[in-house]
2 protein chains.
Amino acid sequence: MTENPEQARRRPTIDDVARRAGVSSAAVSFAMNGRRGVGEATRARILEAAGELGWSPSAPARALGRGRAGAIGLLLARPVETLEVDPFFLRFLAGIERALASTDHALLLRVLDDEGPVDPEAYGRLAAQGRVDGFLLSDVELEDPRIDVLAKAGLPAVVAGRPAGPCPFAALETRHAEGLAAATAHLVERGHERIGFLGGLERFEFEQARLQAWGAELGRAGLEPGPVAFGDPAVALAAEPTALVCTSDALAAGALAEARERGLSVPGDLAITGFDDSSLAALSSPPLTSVRIDYAQFGEAAAAALLAAIAEAPPPVFEPAAPRLIVRASSG
Amino acid sequence: MTENPEQARRRPTIDDVARRAGVSSAAVSFAMNGRRGVGEATRARILEAAGELGWSPSAPARALGRGRAGAIGLLLARPVETLEVDPFFLRFLAGIERALASTDHALLLRVLDDEGPVDPEAYGRLAAQGRVDGFLLSDVELEDPRIDVLAKAGLPAVVAGRPAGPCPFAALETRHAEGLAAATAHLVERGHERIGFLGGLERFEFEQARLQAWGAELGRAGLEPGPVAFGDPAVALAAEPTALVCTSDALAAGALAEARERGLSVPGDLAITGFDDSSLAALSSPPLTSVRIDYAQFGEAAAAALLAAIAEAPPPVFEPAAPRLIVRASSG
DNA sequence: CCCTTGGACTAAAGCGCTTAAGTTCCCGTC
DNA sequence: GACGGGAACTTAAGCGCTTTAGTCCAAGGG
């Protein structure tokens, strides 16, 4: 039966390839994994046989054999509406893919649509099932429970952001805070003296980092800190700043709408800067001054770092690109 | 060695659970898969043992044993900038996750950042590696090469959209065209007689479907078709329509900017409708009339259909929600 | 009382790889 | 000319499940 050459179409296995190349299956395995122990000619013959049969090693079998899933996990816990507005995620994702493309790791994505903090269970399950070899963490919160959960899971992880507490994993960060400082400095340069800050969700570490950057920049300029608000443009405008630094374009667009409602002209009565240079920035009116961070590079670096950690190799260095301030009409 | 109770911490296996529950590993397998052949009491004992050990079946081992990956694949081939602007993808994704959450299938995501059509290779590779049990196809193009590739791969697939050619897979579609017709009808009602159409990429089937819906609606109203353009708002405005139906909010925002440049007031000189009700719609000025399609429901249904196909079960019925026209200032 | 039947469970053979531990064979060495 | 050593392969034992083919036993039927 199993030797029947007329067997039904099934996926070829390593043995089919071995037979066709006239070697043992171990030789095929060696050849496919670039290990030494196979001669040049033999290797070529094996690869040719594999090509002719259209064979690729079975990922599950491989995973089982070497105890590695060959995949990494990314869990997102923001509500969809937030993801939609925020270009971070997709750019970061594109970067991850770029890093993964050269290896043959896959990306397991899980979008947890819940409100509130991530269900740490979800990580544990994926880890317990051996579906992934490691995790990428983004949207780090100040008190992030996921870090503990992952530490217990025994899998490597890489944090995209700067964890507040002690953290056993490698962490990468962009120069986003510097970008926010640049936006603030830009407004100072324009002569503003009452510059407010409008952030998103207070619990995210990056919001806090940006708040600090804003404060520090004002300090450097010898200015009093302006009003600070999170989430609500109305609150931000209530204190009547002459300029407002926002941590996302969506917030800035919200502030724009609020300003319009109050009869304030932008940038005349109120200068506004956004963040991330999303499509909103160029298309809103007036177009928003914004800051562009290379999140794709960030994603690529984070994935590369994770792959290195999985391979127990030294982590690659990450040189985050400088943020770019893109000045448009909203800041005068 | 292997019986050493003080062995190093490693993930528990089915045998550990079996031993603890005092049964064979087969019984554990049966219990975990809800098959008959284990008594109620035994089943409970097994589940308890599994819980105590924190054991979940290994996904790779399972995949190998049953010849199923336990994962589905979604490949995206739009350039990132497009994905960013278009809320379809994330909403669709959220829906998929909703469907997957109850089963224990994982989602393998691949973002192909290339320009141009999808590299069909990418599908083949994932299939050949046995990483996925089926595919979800979106962004169907008129002449879509992926359908042939997938048909050859021998894996089930579900098409989110309406394939133009013959297609061996189940296909689902929303009532988006109806939504575009509603937007058109809305403009007709407002008294417009010269209503243009501005689409995105001509090669997508859904753009064509919307173009047709627009044309049909105008016909129904006894109006001549207005100017048609793809991609470029400037072209759309050159023919001086009094109203413009756009197939995305980003296009509509572009048209808005173009109108402003030409000194046209919106909606006074030109009424504009967008599509998808993205964050852009509410935040641009004037806010955009738009159409909301329940893409999350769509994603959920598509994933459910795929899971059914994989299980060789009859496909669930999909009752696409009615599109909702959201009228805002841009249409008068 | 024997035989069938079916439910509860076990033994063991895969699934398609990887890899530790050989086995050959050849080459260089003293 | 025997011998050590290394490159090129092979053998076979896993990896952790699923599943087929039993085994065993109690209950029911004749």
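1. Start with A:D276, which is buried: in this predicted model, 25 other C-beta atoms sit within 10 Å, and 20 or more is enough to earn that label. Look for A:D276 in the loop between β9 (271–273) and α13 of chain A. Its backbone deserves a second glance too, since phi of A:D276 is near 100 degrees, a positive value in a residue other than glycine.

2. Why bother flagging a positive phi? Most residues other than glycine have a negative one.

3. Over in chain B, have a look at B:D277. This residue isn't a glycine either, yet phi is positive, at about 50 degrees. B:D277 belongs to the loop between β9 (271–273) and α13 of chain B. Is B:D277 buried or exposed? Buried: 22 other C-beta atoms lie within 10 Å of B:D277, and the cut-off is 20 or more.

4. Now for the peptide bonds. Most of them are trans, so a cis one is worth a stop. In chain A, the bond joining A:S285 and A:P286 is cis, with omega about -5 degrees. You'll find A:P286 in the loop that runs between α13 (279–283) and β10 (290–292) of chain A.

5. Which residues does a cis peptide bond join in chain B? They are B:S285 and B:P286, and omega there is about 0 degrees. As for location, B:P286 is in the loop between α13 (279–283) and β10 (290–292) of chain B.

Conventions
Residues are numbered from 1 along each chain as its sequence is written. Chains are lettered from A and ligands numbered from 1 in the order in which they are written. This is a predicted model: local features need pLDDT of at least 70, side-chain atom pairs count only at pLDDT 80 or more; totals for chains, interfaces and linings use all residues. Helices (H or I, at least four residues) and strands (E, at least two) are DSSP runs, numbered from the N terminus. A residue is buried if 20 or more other C-beta atoms lie within 10 Å of its own, exposed if 12 or fewer, and partly exposed in between; C-beta atoms are placed from the backbone.
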